[in-house]
Amino acid sequence: STPTTRSTKHIAMNGPKHKLCTKLSSTYLRKWWITIVVAAALIIGGIVVACQFSVLIDAVVDRMVALRPGAKTFGWWAKPPVEPRISLYIYNVTNADDFLSNGSKAILDEVGPYVYSETWEKVNIVSNDNGTLSYNLRKIYTFREDLSVGPEDDVVIVPNIPMLSATSQSKHAARFLRLAMASIMDILKIKPFVQVSVGQLLWGYEDPLLKLAKDVVPKEQKLPYEEFGLLYGKNGTSSDRITVNTGVDDVEKYGIIDKFNGRTHLPHWTSDECNSLAGTDGSIFPPHIDHDRVLHVYDKDLCRLLPLVFEKEVVTSNEVTGYRFTPPEWVFADVDSHPDNMCFCPAGKPSCSPNGLFNVSLCQYDSPIMLSFPHFYLADDSLRTQVEGISPPQKEKHQFFFDVQPKMGTTLRVRARIQINLAVSQVFDIKQVANFPDIIFPILWFEEGIDRLPDEVTDLMRFAEEVPPKIRIGLIVGLCAVGVILLLVSTFCLIRNSHRQSTLHLEGSNYLATAQVDMNKKQNKDNQPGRY
């Protein structure tokens with residue numbers, strides 16, 4: 001065959017091989033470019049997890065805590081798996097006669113604790129169309145003599161609250177009414193101090209004035225109870241109908257009271273803010289709590305919302321981290337030191353409470369009941385020194401606080417500590433109390449709360465608090481590490497392949513050039529005439 005034919009065959013044979021090499025090279029390059037895209041996606045995924053993972057976890061927590069019938073958290077809310085306790089300390093008056101006849105300071109002996117365990121259950125639960133639940137609260141108290149200083153039969157001497165309430169209210173009435181009241185009390189042999197058992201003081205005893213009121217007062221003005229007791233009518237199912245937000249539609253309203261006995265606001269105070277019911281019962285709060293959040297608790301006996309502010313971080317006995325919230329120091333302050341409390345003075349400044357006290361008479365049928373913290377904690381010390389026998393307050397023993405798990409908004413530990421006092425006004429026209437001075441007379445203080453939650457609940461809290469951050473870090477590290485490794489490997493392979501392709505292309509070009517020269521030389525030689 002001629003050189004031209006051979007050259008043509010060589011080129012024809014080389015064409016398919018060249019196309020195959022190009023195709024293989026293109027597939028190889030495409031594979032590594034895809035790898036680079038995957039690596040970049042993994043790195044971006046790691047960045048997204050770093051920025052948005054907490055948002056996802058918060059959404060999961062929001063769904064988990066919302067009050068949905070049938071859910072585990074709903075069951076815990078409806079029937080809390082805890083055993084709350086209330087410990088009561090009664091101020092026993094040891095010199096009642098000297099106090100009345102000689103003007104001596106009252107000497108008090110703090111007797112207690114008398115401890116009751118409680119069971120709480122929300123009953124008659126009804127779901128409403130607007131994302132709320134309505135219920136009645138059932139509280140059952142059981143006396144724990146094993147934890148108490150003595151039996152409920154222990155006898156104490158305390159101020160006669162119904163009598164002193166009536167005389168104090170009559171101070172500005174017509175004089176003949178006060179004289180008539182003195183005659184009635186003389187006939188009924190009612191005295192300013194009563195000797196009763198602890199059980200009677202708490203759960204009720206028959207009082208002559210209340211019995212008289214039952215018989216003579218018009219039906220529409222009668223008191224809703226026939227006996228007097230500081231906890232009278234509270235051992236059982238409450239008639240109060242409470243409506244709360246479920247948090248399903250808006251987790252920021254989770255557990256917040258929507259209505260109390262059909263009311264959206266209290267009727268007692270002078271502003272909507274002070275009449276607000278926008279708080280919880282204290283067992284749950286809207287989740288994702290930070291240090292700047294102000295929590296609000298409503299209890300009927302407090303007659304108002306109680307604000308709680310962050311104090312410090314704590315660790316419970318179950319090793320769950322919580323935030324401690326306590327009432328601010330100004331919560332029971334007088335209007336001179338905290339003017340915003342003026343709204344709690346319905347009859348103007350003269351009706352305002354002294355510093356450290358809160359007047360709840362509007363919620364107690366006008367009985368002059370004043371609340372404070374135990375031993376007049378955060379109050380003027382002059383209130384404590386009006387009597388003898390009350391030691392100086394101690395924060396550890398007398399502070400009111402809630403420990404709350406911040407992510408889920410669940411209460412971990414509670415010490416609701418309140419002291420009940422009677423604001424007595426001296427009334428000279430009523431001989432039985434003519435020597436009873438103007439005084440804030442302490443009756444008792446109590447501590448209600450829980451120490452810890454069951455392990456089943458705290459395990460879930462620890463999981464919600466500890467596991468998501470670990471998963472987040474693992475995903476960030478894993479995605480970014482794999483992405484970076486793939487990116488480095490694919491870049492290295494692309495660079496190496498590019499270098500190899502350049503080398504092969506150069507070698508191929510040199511080979512073809514050399515072959516062409518050789519072919520041309522040979523063709524020229526073949527075309528030269530023979531030498532004969």
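Counted along the chain, the bonded cysteines of this protein pair in the pattern 1-3, 2-6, 4-5. The model is a predicted one. A disulfide is a covalent bond between the sulfur atoms of two cysteines. Taking sulfur atoms within 2.5 Å as the rule, the count comes to three disulfides.

One of these disulfides is formed by Cys 274 and Cys 343, whose sulfur atoms are 1.6 Å apart. This pair links distant parts of the chain, 69 residues apart. Cys 274 sits in the loop between strand S8 (257-260) and strand S9 (295-299), while Cys 343 sits in the loop between strand S11 (321-326) and strand S12 (358-359). The torsion about the S-S bond of Cys 274 and Cys 343 is about -50°, so this disulfide is left-handed. Both ends are covered: Cys 274 is buried, and Cys 343 is buried too.

Another disulfide joins Cys 303 to Cys 363, with an S to S distance of 1.7 Å. Here, too, distant parts of the chain are linked, the two cysteines being 60 residues apart. Cys 303 belongs to the loop between S9 and strand S10 (304-315), and Cys 363 to the loop between S12 and strand S13 (369-372). The S-S torsion of Cys 303 and Cys 363 is about 70°, so the disulfide is right-handed. Cys 303 has a relative accessibility of 0% and therefore counts as buried.

The link between Cys 345 and Cys 352 has its sulfur atoms 1.9 Å apart. With 120° about the S-S bond, the link of Cys 345 and Cys 352 is right-handed. Cys 345 counts as buried because its relative accessibility is 6%. Cys 352, with a relative accessible area of 16%, is buried as well, since the cut-off for buried is under 20%.

Aromatic rings make a further set of contacts, and the structure holds 25 aromatic pairs. In one of them, the ring centres of Phe 99 and Phe 193 are 5.9 Å apart and the planes stand at 80°, so the pair is edge-to-face. Phe 99 lies in helix H3 (residues 96-101) and Phe 193 in strand S5 (residues 193-197), so the pair ties together parts that are 94 residues apart in sequence. Phe 99 and Phe 193 are both buried.

Trp 269 and Phe 344 give another example: their ring centres are 5.3 Å apart and their planes at 80°, so this pair is also edge-to-face. The pair links distant parts of the chain, 75 residues apart, with Trp 269 in the loop between S8 and S9 and Phe 344 in the loop between S11 and S12. The disulfide of Cys 274 and Cys 343 connects these two loops as well. Trp 269 is buried, as is Phe 344.

Which rings are linked with Trp 269 and Phe 344 into a cluster? Ring pairs join these two with Phe 285, Phe 332, Phe 358, Phe 373, Tyr 377, Phe 400 and Phe 402.

Charged side chains also meet rings in this model. Arg 324 lies over the face of Phe 401, at 3.7 Å from the ring centre. Lys 122 is placed over the face of Tyr 135, where the distance from the ring centre is 5.7 Å.

Note on methods:
Residues numbered from 1 in each chain as written. Heavy atoms only, no water. Helix = DSSP H or I, 4+ residues; strand = E, 2+ residues; numbered from the N terminus. Buried < 20%, exposed > 50% of the residue type's maximum accessible area, 1.4 Å probe, protein only. Phe/Tyr/Trp six-rings, centres within 6.5 Å; stacked < 30°, edge-to-face > 60°. Lys NZ or Arg CZ within 6 Å of the ring centre and 35° of its normal.
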